[in-house]
Amino acid sequence: MSEPEKVRLRLAPSPTGFLHIGNLRTALFGYLLAKSMHGEFILRIEDTDEKREVEGAVDSLLNVLTWLGINFDEGPHLGGDYGPYIQTRRLDIYQKEIQTLLDNRKAYRCFCTPERLTEMREEQQKNKQAPRYDRHCRNLSEDEAQAKIKAGESFVIRQAMPLDGVVEVYDELRGAIKFQAEDLDDHVLIKANGVPTYQFASVVDDHLMEISHVTRGEEWLPSFPKNILLYQAFGWILPKFIHLPLILNKTGGKLSKRQGDVFVEDYKTKGYLSEALINFCAFLGWHGKTDQEIFSLEELEKEFSIAGMGASPAVFDLEKLNYLNGYYIRQMSPENLVDLVKPYLTEAIATAPFNISDEYLTKIISLEQERLKVLGEITQATAYFFVDQSEYEAQLLVWKKSDAEKTKTNLQTLADYLAVYSGDWTKENLESSIKQLIADQGGQVGDYLWPMRVALTGRQFSPGPFEVAAVLGKEITLKRIKGAINILNLESGS
RNA sequence: GGCCUUUUCGUCUAUCGGUUAGGACAUUGGAUUCUCAUUCCAAGAAGACGGGUUCGACUCCCGUAGAGGCUACCA
């Protein structure tokens, strides 16, 4: 009787700080796997280490994931049939479950003091042995243990590993992995304060919450056999395990704060789009069946699969993220882009010497759209649209194949022409008539357009002169061209 | 040190024993062009190494090397 298995995956973060790029990938893959199999995605908070807990971490995690479009079906904020979803609220559950293990001798109380343990480890290291618990308390009888408890001795509960044999585990990405039982440490399941360790709590919760596919980082591979042994000690059915490969930095090392931005929040504030981040992270260890590399979240929810995942670590390549971000910015409608970009211009708008209309804003943002890699660049890129006259070196006005004298005359010709220009002040009209003017003058196009553009923008790189002039309007355009002539006059005069 | 994972262009990757080893980013060159960007075209660029298995290996096996992870009463 093989009824279709319920698919349930979970994200189980520790509330120890902001969402890291690595965590995002874990979250994304879990979410996509769940959705692609029409399953549920659950949030469970693993807060069994009070020392490392950071206040507000859960809220900020939820904020970022919501922004990215990664949503849960159950969790501490939503409730559900498998709660509580915060481990420190489940302590009675762990106490109850550990008793089973104690009863069938798969776990035992250890009364060794931390001092003895460190001493033991130092000794082992000195003798070039693998540091491991020496199982000093493993054979304590129940009576002996009870006596020590009565005497007020504190204890932890350790998992009793098999003394010999092979433990074979199965990872969906790597296949079978064999471990020698004798290499396994009797690690701590319940700490002296009665709180479980990750190793115990996650197994118990994954089982009780009926998780079908456990996704977690590759760093858990070494403790994988211990987890499997725990399932077996309980007689529980194993979920599928998917250990996600790590994400490395440019130099092949661990992603860290020193190498640049690792927090998703940082990317968000710089102006990376959730679409780009999602698309980018999805390809860190996954590939679709075709050569398609642009995927929306919705498409990924359909296409994602374990079969497309790899097992080797991936390097985080900012260049590719930038490309994708630019790509998604270019795809965006002007209205949407304005909404997203406005926060980066609030100061410019507030300090501008004239009123900035929404129409004007939309126009200048559209001009920069194809140049933007991250939204935050808009502030610098459009600065000249928010001032009366932009500042620049006189030399910048001179085209590479020209000189100051010619530049001055050409600008004057343009100024004279535009002053009496009577056509519609649009990009198209300006372009055709000014190009005609240049042809009539018999000059080189660049000798007119370069200085005109610099006069209007004050920048080495910018959109073209006609489109900028069209947005700026006749009055300001003329003012800036005349201003440029002035600057050249001052230069030659001094 | 021990254990585990991993290894195709600079980067992300495709290939599920037989391909001129494909795509994308990046790079270089070109077209468009006043600049930058966009767009388009083109080029260069890879199976870590050594053994097997096989008619045939990037693909399977073994070894070596590199890289990474774990080795806590942290996750």
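The following legends describe close-up views of a predicted model of chain A with RNA strand B.

**View 1. Overall model and its domains.** This is a predicted model, in which local features need pLDDT of at least 70, side-chain atom pairs count only at pLDDT 80 or more, and totals for chains, interfaces and linings use all residues. Residues are numbered from 1 along each chain as its sequence is written, while chains are lettered from A and ligands numbered from 1 in the order in which they are written. The mean pLDDT of chain A (the predictor's confidence in each residue, from 0 to 100) is 94, and 98% of its residues reach 70 or more. The scores of the model are ipTM 0.95 and pTM 0.93. Chain A is divided into domain 1 (90–244) and domain 2 (389–494), with bounds that come from an automatic or database domain assignment. Between the C-alpha centres of domain 1 and domain 2 lie 76 Å.

**View 2. The surface near RNA strand B.** RNA strand B is surrounded by 59 residues, of which the closest are Asp49, Ala192, Ser312, Gly446 and Gly464; a residue is near the strand if its C-beta atom, placed from the backbone, lies within 6 Å of it. Elements that give two or more residues to this surface include helix 4 (114–126), strand 6 (175–180) and helix 11 (318–331). Helices (H or I, at least four residues) and strands (E, at least two) are DSSP runs, numbered from the N terminus. Helix 18 gives the most, with 5 residues.

**View 3. The largest nonpolar core.** Of the 91 residues in this core, Leu28, Leu277, Cys281, Ile378, Ala455 and Ala484 touch the most other members. A nonpolar core is a set of buried Ala, Val, Leu, Ile, Met, Phe, Trp, Tyr and Cys residues joined through C-beta atoms within 7 Å. A residue is buried if 20 or more other C-beta atoms lie within 10 Å of its own, exposed if 12 or fewer, and partly exposed in between, with C-beta atoms placed from the backbone. Helix 1 (residues 21–36) gives the most to the largest core, with 9 residues. Domain 1 (90–244) and domain 2 (389–494) both give residues to this core, so it lies between them.

**View 4. The surroundings of Ile349.** Ile349 has its place in helix 13 (residues 346–351). Ile349 is partly exposed because 13 other C-beta atoms lie within 10 Å. The C-alpha atoms of Ile349 and Thr409 are separated by 35 Å, and the two residues are 60 residues apart along the chain.
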